[in-house]
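Open the structure in your viewer and keep the selection tool at hand. This tour goes from stop to stop, saying what to select and what is there.

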Amino acid sequence: MRIIILGPPGAGKGTQAKLLSSHYGIPHISTGDIIREEIKRNTVLGVKIRGYVERGELVPDEDVIEIVKEKILLGNCGRGFVLDGFPRTIIQAKALDHILSGMGLRIDAVINLVVNEEELVRRISGRRICRSCGATYHLLFNPPEKDLKCSVCGGELYQRIDDMEETVRRRVRIYNIETKPLIGYYEEKGLLINVNGVGDINSVFSEILRKLGS
Ligand code: AP5
Ligand code: MG
Ligand code: ZN
């Protein structure tokens with residue numbers, strides 16, 4: 001199963017990708033998570049791309065393509081993968097096609113999570129993430145069991161630096177310009193599956209599984 005999850009910032013890509021990853025037993029590849037890890041570890045790449053992420057802008061195509069290529073080639077992807085946050089530009093989508101066709105593989109489905117902008121801002125402003133294990137919460141919609149501690153590992157929860165309202169709105173603007181054209185790109189290939197992303201997390205997940213036909 002090789003799946004892409006498309007959708008604007010805050011649509012629930014990470015939330016649904018984690019569920020799909022454990023349902024199918026395939027790796028969850030989130031370019032956002034990988035990039036944040038590079039920044040945290042202060043690697044050469046992390047230092048180069050920090051500013052883009054903090055401003056809510058896209059990191060250069062060549063850097064993310066390299067990251068994903070390495071993951072797909074070296075990662076544990078024999079049974080497939082869930083791609084979250086990649087591709088995000090037509091250039092990235094074409095590069096992905098090229099990487100996969102070189103391996104005799106192709107994408108099976110592209111899930112497009114549809115959520116309106118006000119809901120996106122509401123979701124992102126309440127989002128908190130575990131510093132230790134990366135679990136994602138929402139103060140109102142998906143709260144941790146104990147005040148500001150991770151329900152999985154007890155770790156401390158933090159707010160992403162690019163989650164301030166003004167930066168979120170910029171991310172949505174950039175999504176509309178750079179990433180939205182991918183909807184047409186995958187529709188033409190007959191791979192696009194639109195899913196209403198508004199509703200509770202489990203019903204969105206059931207809808208995805210139903211549309212994937214399993
Ligand atoms: P990235 O980390 O991919 O951020 P994003 O696309 O902006 O998306 P988010 O992670 O903010 O949202 P999500 O859709 O995963 O939602 P989530 O499940 O957390 O990218 C960050 C940055 O990295 C980019 O700005 C860019 O700089 C760089 N980057 C990454 N990939 C790149 C690429 N390919 N090219 C170039 N640059 C790249 O959910 C959000 C909140 O809502 C959570 O609190 C969650 O608990 C809650 N929630 C989820 N589902 C529901 C629901 N059904 N009902 C109520 N609440 C819900
Ligand atoms: Mg995410
Ligand atoms: Zn945790």
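**Stop 1: the cysteines**

Begin with the cysteine sulfur atoms. The number of disulfides in this predicted model is zero. A disulfide is a covalent bond joining the sulfur atoms of two cysteines. For the count used here, two cysteine sulfur atoms had to lie within 2.5 Å of each other.

Select C130 and then C153. Which of the two words, buried or partly exposed, fits C130? C130 counts as buried because its relative accessibility is 2%, and the limit for buried is under 20%. C153, with a relative accessible area of 41%, is partly exposed.

**Stop 2: ligand 1**

Now select ligand 1 and show the residues around it. How many residues surround ligand 1? There are 35, and the closest are T15, E57, R88, R127 and R171. Colour this shell by residue type: twelve of its residues are nonpolar, 13 are polar and ten are charged.

Next, colour the shell by secondary structure. Helix α1 (13–24), helix α2 (31–40) and strand β6 (136–138) each provide at least two of the shell residues. The largest share, four residues, belongs to α2.

Zoom in on three atom pairs:

- T31: an N or O atom of its side chain is 2.7 Å from a nitrogen atom of ligand 1.
- R36: an N or O atom of its side chain is 2.8 Å from an oxygen atom of ligand 1.
- A11: a polar backbone atom is 3.2 Å from an oxygen atom of ligand 1.

Turn on the protein surface to see the cover over the ligand. On its own, ligand 1 has 1,000 Å² of accessible area, and the protein covers 96% of that.

**Stop 3: a salt bridge between two helices**

Hide the surface and show the charged side chains. Side chains of opposite charge can pair when their charged atoms come close. The model holds 19 salt bridges.

Select R169 and E117. Their side chains form a salt bridge, with N and O 3.0 Å apart. R169 belongs to helix α7 (residues 165–179) and E117 to helix α6 (residues 117–125), so this pair ties together parts that lie 52 residues apart in sequence. Buried or partly exposed: which describes R169? R169 is partly exposed, at 24% relative accessible area. E117 is also partly exposed, with a value of 33%.

**Stop 4: a network of charges**

Select R127, R160, D162, D163 and R171 together. These residues are linked in a network of salt bridges. R127 and R171 have already come up on this tour, as two of the closest residues to ligand 1.

Within the network, centre the view on D163. D163 forms a salt bridge with R127, and the closest N and O atoms are 3.0 Å apart. D163 sits in the loop between β7 (157–158) and α7, while R127 is in strand β5 (residues 127–130), so the pair ties together parts 36 residues apart in sequence. D163 also forms a salt bridge with R160, where the closest N and O atoms are 4.0 Å apart.

Check how much of each side of these pairs is accessible. D163 is buried, at 2% relative accessible area. R127 is buried at 14%, and R160 is buried at 13%.

**Stop 5: a threonine in a loop**

Move to T43, which is in the loop between α2 and α3 (44–55). Which side chain does the side chain of T43 make a polar contact with? The partner is the side chain of E38, at 2.5 Å. T43 counts as buried because its relative accessibility is 16%, and buried means under 20%.

**Stop 6: two pairs far apart in the chain**

Show the C-alpha atoms for the last selections. Select E54, which is in helix α3, together with D162. These two residues are 108 residues apart along the chain, yet their C-alpha atoms are separated by 5.4 Å. E54 counts as partly exposed, at 34% relative accessibility. D162 is one of the residues in the salt-bridge network of Stop 4.

Finish with L191, in the loop between α8 (181–188) and β8 (192–196). Add A109 to the selection: L191 and A109 are 82 residues apart along the chain, and their C-alpha atoms are separated by 5.0 Å. L191 counts as buried, with a relative accessibility of 8%.

Note on methods: Residues numbered from 1 in each chain as written. Chains lettered and ligands numbered in written order. Predicted model: local features only at pLDDT ≥ 70, side-chain atom pairs only at ≥ 80, totals over all residues. Heavy atoms only, no water. Near = heavy atom within 4 Å. Polar contact = N/O pair within 3.5 Å; in protein donor to acceptor, adjacent residues only side chain to side chain. Areas by Shrake-Rupley, 256 points an atom, 1.4 Å probe, with all protein chains shown as cover. Nonpolar A, V, L, I, M, F, W, Y, C, P; charged D, E, K, R; others polar. Buried < 20%, exposed > 50% of the residue type's maximum accessible area, 1.4 Å probe, protein only.
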